[in-house]
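Work through the exercises below with the structure open beside you. Each task is followed by a solution in steps.

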Amino acid sequence: MSRMASTPARMVLAVVVTCTASAAALTFTYEVTKDRIAEQERLAREKALNEALPEATEFTEMDENMLVSARESAGETRVDAIFDAGGAGWGVLVAPRGYGGPMPMVVGVDSDGKVTGVMIITQNETPGLGTKIVTDESFLPQFRGWDASDVDTAVKAFDAISGATKSSGGVRKGVVAAGHIYEEVLSQTEGGSVP
Amino acid sequence: MEFELVIKAIVALSAIGLVASAMLAAASRRFHVEVDPRVENVLSALPGANCGACGNPSCFGAAEAIVEEKIPITSCTAGGQTVADEVAGIMGVEPCAVAAIVSMRHCGGGRAASKAYDYSGLLSCIAVARLAGGDLTCPYGCFGYGDCARACPFSAITMDDRNLPVVDLEKCTGCEVCVAECPRGQAGLLAMAPAEGAVAVRCNSHDKAKARKAYCPMCCIACKKCEKVCPADAIHVIDLLAIVDYEKCTGCGQCVAVCPPECIDLAGRDAIESAVRLDGRGPKVDGFVPREVVAEESTEEAPAE
Amino acid sequence: MMGETLRNLALLFIGAALVNNILLTRFIGLCPFFGVSGAMETSVGMAGAVVFVMTLASSATWVFWNALLSPLGVGDFLYIPAFILVIAALVQFVEMYLRKAIPTLYRAMGIYLPLITTNCAVLATATEAVKPGFFKMNIAYSFGFFEMLVYTVGVAVGFGFALITFAALRERLEVAPVPGILKGSPMAFVTAGLLSLGYVGLSGMFGL
Amino acid sequence: MSEWLATFRRGLSIENPLTILMIGLCATLAVSTKFEGAFFMGLAVIFVLTMSSVIVSSLRKLIPEKVRIPVFIVVIASFVTIVDLSMHAFIPGVYNFLGVWIPLIVVNCIILGRAEAFAYHNPVRLAIADGLGMGIGFSMVIMLLATIREFVGSGEIVFLGQKLVALPSAYQGPGIMLLFPGAFILFGFMIAGARWVTWRREGRVVETSQHCTIEEGAS
């Protein structure tokens, strides 16, 4: 079969040309999809925020300084963002670790320091086992009404789902972290307004 | 569409591509090993199973050795004649015939051999051999737990109803894996012999005839009838055991007919015979020649040669 | 402070090698796992080659990521071709180099090198090492070079350990009376399942 | 045309990448906990395999032998990234479930293996047949495995939010089916089943197994 001989120049040329073509094609795909991806992520986040804080009407993301101090009080749990819901409270976006990796979720805390709701944005738990944290109807509502300024007491009432211990434990860790953030950072600010 | 991003992407990926390919191009110069192009060609002709039968660690090693003329072009027993012809073509030499070498079992005892004790451990020859030297009273015989059959990379060995390994001459490539695997293989229980028209002595015991007879009814009794009948002077009783000289043996089968304990057999007949027994269909399989007929046919053919 | 750092590094290593064993709890890199685990000897060779290549590959991708892709802001969509290209070229380069410079090592390890290009474990580890979170190990920060190195060696050692254990099991299996239909690969899968069950039991150890 | 069909069929039956050649296992076992995930994984593999076969095959005379692996890999990686970004944009749920396995299609031995073994040596027409056949063969097995695992393990099959089949909610499936060990064990029995069928049909045949070997004759 007639094939290109492998001279150095040809080798370099072949690879570089392929790379160029590939980079151009990928940038194009990226440009086409990136708005949609951002939009999807924003929608998912907004949906979760609305469900975790049903009374809030608008959310504004809090600034970087706040996030830095929040991360300090959250310990090992990842904190993605904190949203200020006007007078209705705060939505804390944490990503504690479940069985299948980090589970980004929203913990809603109202201005009195009560947990208003917990919503999981995405999770990658084992279908049928770990996913019960979402499908089990009594699991997520149990966090409602927890006292965020004293989560370490409230957590004693926690009820894990059998067969999904690690996943339920992950959600618990997230709520506890959000509680600590409230206790040490958010409650210091004035009733939900941006400092 | 951000034009800038496209440029950045192209620059980034091309830079990596450039570094990578330049590195490879430089390496192919700098680290160029003078490889005879024939090595690549021979390598692609070889089966690529890296079985090691030729004594080289891999087919690549074998290809190098063939090109450097350290080993003959017919070295690849697994590949056989077709590979040898192809290799001969690449090397530019006359193709020559590969004598197909196959594994041959030198024991006919099986279930008939007497046992020293009842063994009920792991069903493996190596395991039984380590337990007081094995469960056979005969120190040369086949244990029949099939290590060779499991080890054979070409699935050429099956265990038959006599608890003996039967070698399929079509599939056997002579790679000697079974010899290495068998605890008594090196001692002479399994040995390599040419496949074409060979007879096999199904015994490798050098013990005194009386002791031997006590172990197993199938053993060679050193009666020398085969030696007398052989027209090619190819079989001799040496040290109380009939040994075939494969340089001379024509596979006429006259010794097979006269052997009193039926200890000598045609190499290929064994497989057919046990297939017949296992199927229970009687001697109607293609190529099966009953023992009596072997003698008659061969006496007819022998003068013609 | 020093003690704390060492403790974290040790946990990172154990987490990568055992608790999150790449082969048996993450399913990454199974092809060589079944391919070369037939014999002890080859699996040891493969394990050595993987440790070597993985460390090199992760270091190289770490450099490219931090020096080129990340600053230019094109990492999000170019990392797949970029990393795999780096790995493929690197493996080929190492192969050429070894063949010329250290022929003995080449003979022992060289034949496994091409196989490693298509080993998902190498790509996954190299990506994880520069983009933590990619493979969902809950690492909330990005690695420094040294941590990356510890992590990669941990993964590779875990890979080699699982591979060699499995090869040893398979050698035993060869002489076991397995029903004909399950002989060979089906039985190997069942065995791998049981071995993996053991590794699942490690989950949660040290809170990892 | 019959040559085309023959090439196509090989991937489905006698050279099925999963049950016979046993390559590309990682993704198969990992994403087969959900039918939905397996379905889109299959689609992604078919797309990447066919497209990269076409490109490799049409450029086969222009690619110098010594850099063929890097070039193949960049081509494959580009298609994989396209799939990755599109899935992220249009089916985020599935994308999140498949996660790391989409990027890892790049190193799925099936794809590079076919590019190297088939597409580099054959015309575009046949490369398409081979890519489609192998891709569909892969998808069939992974979907079958996922159907069994999801149904037995969790008692229902969900596809893009719709329940296709569901057992009464009192059903408590054996959780091991959904965990990693269950995948190994189930797959072991599936190969045994496939082998039993072949043995029954053709009498006992010699087992062939190949691994993801990319012969690097280049260097």
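A residue is buried if 20 or more other C-beta atoms lie within 10 Å of its own, exposed if 12 or fewer, and partly exposed in between. The model is predicted.

**Exercise 1. Chain B in outline**

Task: State what share of the 305 residues in chain B is buried, and describe the secondary structure and contacts of the chain.

Solution:
- Step 1. By the cut-off above, buried residues account for 40% of the 305 residues of chain B.
- Step 2. Chain B has 13 helices and 8 strands.
- Step 3. Take the contacts in chain B between residues at least 6 apart in sequence: 58% of them join residues at least 24 apart.

**Exercise 2. A hairpin in chain B**

Task: Find how strands E6 and E7 of chain B pair, and what lies in the turn.

Solution:
- Step 1. E6(B) covers residues 235-238 and E7(B) covers residues 241-244; the two pair in the antiparallel sense, over 4 bridges.
- Step 2. Opposite B:Ile238 stands B:Leu241 of E7(B).
- Step 3. With 2 residues between them, the strands E6(B) and E7(B) form a hairpin. B:Asp239, in the turn, has a positive phi of about 55 degrees.

**Exercise 3. The sheet of chain A**

Task: Give the strand order of the 5-stranded open sheet in chain A, name its edges, and say which strands H1(A) and H2(A) touch.

Solution:
- Step 1. The order is E1-E2-E3-E4-E5, with antiparallel pairing.
- Step 2. E1 and E5 (115-120) of chain A are the edge strands, as each pairs on one side only.
- Step 3. Inside the sheet, E2(A) (residues 78-84) and E3(A) (residues 90-95) pair in the antiparallel sense over 6 bridges. The bridge partner of A:Phe83 in E3(A) is A:Gly91.
- Step 4. H1(A) packs on the sheet and touches E2, E3, E4 (105-109) and E5 of chain A; the direction of H1(A) makes about 150 degrees with that of E5(A).
- Step 5. H2(A), residues 64-74, also packs on the sheet, touching E2 and E3 of chain A, and its direction makes about 130 degrees with that of E2(A).

**Exercise 4. One residue of strand E1**

Task: Is A:Glu61 buried, exposed or partly exposed, and which residues does A:Glu61 touch beyond four places in sequence?

Solution:
- Step 1. A:Glu61 is in strand E1 of chain A, residues 60-61.
- Step 2. A:Glu61 has 14 C-beta neighbours inside 10 Å and therefore counts as partly exposed.
- Step 3. Not counting residues up to four places away in sequence, A:Glu61 touches A:Ala81 and A:Phe83.
- Step 4. The C-alpha atom of A:Glu61 is separated by 8.9 Å from that of A:Ala85, 24 residues apart along the chain.

**Exercise 5. A helix pair across chains**

Task: Classify the arrangement of H1(A) and H4(D).

Solution:
- Step 1. The axes of H1(A) (residues 8-52) and H4(D) (residues 68-90) come within 8 Å and cross at roughly 10 degrees.
- Step 2. Angles under 35 degrees count as roughly parallel, so H1(A) is roughly parallel to H4(D).
- Step 3. The contact of H1(A) with H4(D) has 14 nonpolar, 9 polar and 1 charged residues.

**Exercise 6. Confidence**

Task: Find the mean pLDDT of chains B and C, and where the pLDDT is below 50.

Solution:
- Step 1. Chain C has a mean pLDDT of 79, with 85% of its residues at 70 or more. Over residues 135-140 of chain C the pLDDT is below 50.
- Step 2. Chain B averages 76, and 76% of the residues score at least 70. Stretches of chain B with pLDDT below 50 include residues 280-288 and residues 298-305.

Notes:
Residues numbered from 1 in each chain as written. Chains lettered and ligands numbered in written order. Predicted model: local features only at pLDDT ≥ 70, side-chain atom pairs only at ≥ 80, totals over all residues. Axes fitted to C-alpha atoms, helices over the stretch in contact; angles between N-to-C directions. Parallel < 35°, antiparallel > 145°, perpendicular 65-115°, else oblique. Nonpolar A, V, L, I, M, F, W, Y, C, P; charged D, E, K, R; others polar. Contact = placed C-beta atoms within 7 Å. Pairing = 2+ DSSP bridges. pLDDT = per-residue confidence, 0-100.
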